[in-house]
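Please open the structure in the viewer and set the display to show both the backbone trace and the side chains. The stops below are meant to be selected in order.

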Amino acid sequence: MAAARLPDHVLEVIFSYLQLPDLRNCSLVCKNWYKFLNDENNDVWRMHCVRRLAEEALKSDILANVPTYKAKLRAFYHAWNPNDCSRNIYIKPNSFTLHRNPVAQSTDAARGKIGFRTGRHAWEVWWEGPLGTVAVIGIATKEAALQCHGYVALLGADEQSWGWNLVDNHLLHNGDSQGNYPQLNNAPKYQLGERIRVILDCDDNTLAFERNYEFLGVAFRGLPDKRLYPAVSAVYGNTEVSMVYLGPPLDG
């Protein structure tokens, strides 16, 4: 097949104009195309990143832990969903950071664009402004509420969400505290800018967290067989929270 023998610089030009589903199909055509598209740092993925991601996201350290262009593109498609958040939240142009407006007596939440029902997934979340009295990270179904009156732990307030309150280190689900987390004596408080890695294992139905590359233990077990989305809830005005999808977690 003549097309399979096209030189790399020609493939780069052709593939850079195709949509992502088309690239997926192209990778199945032959071994040469599969090998070419499997290089996650080639110019095809770089061009797709430049076209879709904001310059701010590519030049800042937001994607510092995302090593390849293809992985950065994947993170973009898993970022905060501007159509699935409280009316008091807006998603900044970089797509990875949400901003909570200074609205009194309101708790506000947001979900990621893509939820998970199978496989293992990891993403990083970090606060870039004051936590306030409640700052919760975790997961939620599509049925979980995204706004409520007062300053409460909205994520974890019902059976549709599970969260870790970074302010008091309590796990929350169905409106109740599920105990302290991590289960350490004098567990350190969250520091602004500190990246927390969230690990969702849909095959084992568990949710866990890492801090500074230290595994903190399983936080929740027995998660339901439902599509689960990265989520946070916040109460402090003008605070900002960033989230970057990393892909399958690395063991060890």
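**From a bridge partner to a loop serine**

Begin by selecting Asp-108 together with Ala-234: Asp-108 stands opposite Ala-234 in strand E14. The model on display is a predicted one.

Next, widen the selection to strand E14, residues 229-234. The strand is mostly covered, with six of its six residues buried. Colour its side chains by direction: Tyr-229, Ala-231 and Ser-233 point one way from E14, while Pro-230, Val-232 and Ala-234 point the other way. Residues on both sides are buried.

Now add the neighbouring strands. Strand E4, residues 106-112, pairs with E14 in the antiparallel sense over four bridges. Strand E6, residues 135-140, also pairs with E14 in the antiparallel sense, here over six bridges. To locate the pairing of E6 and E14, select Val-136, whose bridge partner in E14 is Ser-233.

Return to Asp-108 and display its side chain. Which residue has a side chain in polar contact with the side chain of Asp-108? The partner is Ser-86, at 2.6 Å. Select Ser-86 and follow the backbone on either side: Ser-86 lies in the loop between strand E1 (80-85) and strand E2 (89-91).

Is Ser-86 buried or exposed? Ser-86 counts as buried because its relative accessible area is 3%, and the cut-off for buried is under 20%.

As a last step, show the surroundings of Ser-86. Leaving aside residues up to four places away in sequence, Ser-86 touches Asp-108, Ala-109, Leu-146 and Gln-147.

How values were computed: Residues numbered from 1 in each chain as written. Predicted model: local features only at pLDDT ≥ 70, side-chain atom pairs only at ≥ 80, totals over all residues. Heavy atoms only, no water. Buried < 20%, exposed > 50% of the residue type's maximum accessible area, 1.4 Å probe, protein only. Helix = DSSP H or I, 4+ residues; strand = E, 2+ residues; numbered from the N terminus. Pairing = 2+ DSSP bridges. Polar contact = N/O pair within 3.5 Å; in protein donor to acceptor, adjacent residues only side chain to side chain. Contact = heavy atoms within 4.5 Å.
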